[in-house]
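Let's take a walk through this fold, one sheet and one core at a time. Keep the viewer open and follow along.

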Amino acid sequence: MKHFPANYLAIFAFAVDLLVGAAGCSFQSEDVNAVTVENATGEPLFFSGYEKEASHRLDIDPEIPVNTIQGSSLLESGASTALPMTDIGGGYEAGKTLRLFLYEVRNDTARYRSHLDISYDELERKDFRVEVSSLSEQ
């Protein structure tokens with residue numbers, strides 16, 4: 001059996017680590033199944049996620065009764081929630097821009113205020129976390 005000097009084995013192990021690390025980086029975003037949305041506005045909000053280009057064909061509701069809102073997209077100030085990629089409307093997939101429609105919640109009504117667009121590159125840079133800091137135009 002042929003024996004390799006220890007420095008060759010160390011170089012081989014280092015090369016394997018580099019390849020595994022590179023493969024992990026290139027596939028990491030494909031394994032992401034949700035975007036975390038954080039409410040940093042100081043007031044309750046409701047949000048809805050949609051693929052940006054497809055959202056241009058929507059006729060969004062300017063007001064929504066709070067008692068009809070289902071799921072975890074109604075956030076108190078300081079709260080966060082996971083928005084599953086499968087819950088993003090409009091055929092959203094990796095590489096596309098996410099549009100969050102933002103609603104101000106007062107009493108029993110959510111009123112549309114603005115939207116926030118987040119490119120896929122930006123989502124990756126921010127570890128798929130979106131902080132909503134204002135309900136006015138972003």
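Two strands count as paired here if DSSP finds at least two bridges between them. With that in hand, look for the open sheet of three strands in the order β5-β1-β8, where the pairing is mixed. Its edge strands are β5 (80–84) and β8, each pairing on one side only. From one strand to the next, the twist averages 25°. The parallel part of that mix is easy to find: β1 and β8 pair in the parallel sense over four bridges. If you want a residue to click on, Val 37 has Val 130 in β8 as its bridge partner.

Before going further, a word on what you are looking at: this is a predicted model. Zooming out, the chain has three helices and eight strands. Along the sequence they come in the pattern α-β-β-α-β-β-β-β-β-α-β. Of the contacts in the chain with a separation of 6 or more, 74% are between residues 24 or more positions apart. As for burial, 32% of the 138 residues count as buried. The accessible surface of the chain is about 8,800 Å², and carbon and sulfur atoms make up 51% of it.

Now for the other sheet. It is open too, with five strands in the order β3-β7-β6-β2-β4 and antiparallel pairing. Why do β3 (63–65) and β4 (74–75) each have one side without a neighbour in the sheet? They stand at the edges, and each has a single partner strand, so nothing in the sheet flanks the other side.

Move inward from there and follow the ladders. Strand β6 (residues 98–106) runs antiparallel to strand β7 (residues 109–118), and nine bridges join them. Arg 106 is bridged to Thr 109 in β7. On to β2: seven bridges join β2 to β6, again antiparallel, and one pair to look for is Gly 49 with its bridge partner Leu 100 in β6. Two bridges join β2 to β4, also running antiparallel, and there Leu 45 has Leu 75 as its bridge partner in β4. Is β2 mostly enclosed or open to the outside? Five of its seven residues are buried, so β2 is largely enclosed by the rest of the structure.

Next, switch to side chains. The largest nonpolar core has 20 residues, and the ones touching the most other members are Phe 47, Leu 98, Leu 100, Leu 123 and Val 132. Which elements give two or more residues to this core? They are β1 (34–39), β2 (45–51), β6, β7, α3 (120–125) and β8 (129–132). The largest share, three residues, comes from β6. Val 132 is a good place to centre the view. Leaving aside residues up to four places away in sequence, Val 132 touches Val 37, Glu 38, Asn 39, Ala 40, Thr 41, Leu 45, Leu 100, Leu 102 and Leu 116. There is also a second, separate core of eight residues, including Ile 69, Phe 101, Val 105 and Ala 110.

The rings deserve a stop of their own. The structure holds four aromatic pairs. One of them is Tyr 103 with Tyr 112, an edge-to-face pair at 5.6 Å centre to centre and 75° between the planes. Tyr 103 is buried, with a relative accessible area of 4%, while Tyr 112 is partly exposed at 24%. Both tyrosines belong to a cluster in which ring pairs link Phe 46, Phe 101, Tyr 103 and Tyr 112.

Finally, check the backbone for oddities. Most residues other than glycine have a negative phi. Asn 107 goes the other way, with a positive phi near 55°. You'll find Asn 107 in the loop between β6 and β7. Is Asn 107 buried or exposed? Its relative accessibility is 78%, so Asn 107 counts as exposed. Asp 127 is another non-glycine residue with a positive phi, about 55°. Asp 127 lies in the loop between α3 and β8, and at 58% relative accessibility Asp 127 counts as exposed.

Notes:
Residues numbered from 1 in each chain as written. Predicted model: local features only at pLDDT ≥ 70, side-chain atom pairs only at ≥ 80, totals over all residues. Heavy atoms only, no water. Core = buried A, V, L, I, M, F, W, Y, C linked by side-chain atoms within 4.5 Å. Buried < 20%, exposed > 50% of the residue type's maximum accessible area, 1.4 Å probe, protein only. Contact = heavy atoms within 4.5 Å. Phe/Tyr/Trp six-rings, centres within 6.5 Å; stacked < 30°, edge-to-face > 60°. Axes fitted to C-alpha atoms, helices over the stretch in contact; angles between N-to-C directions. Areas by Shrake-Rupley, 256 points an atom, 1.4 Å probe, with all protein chains shown as cover.
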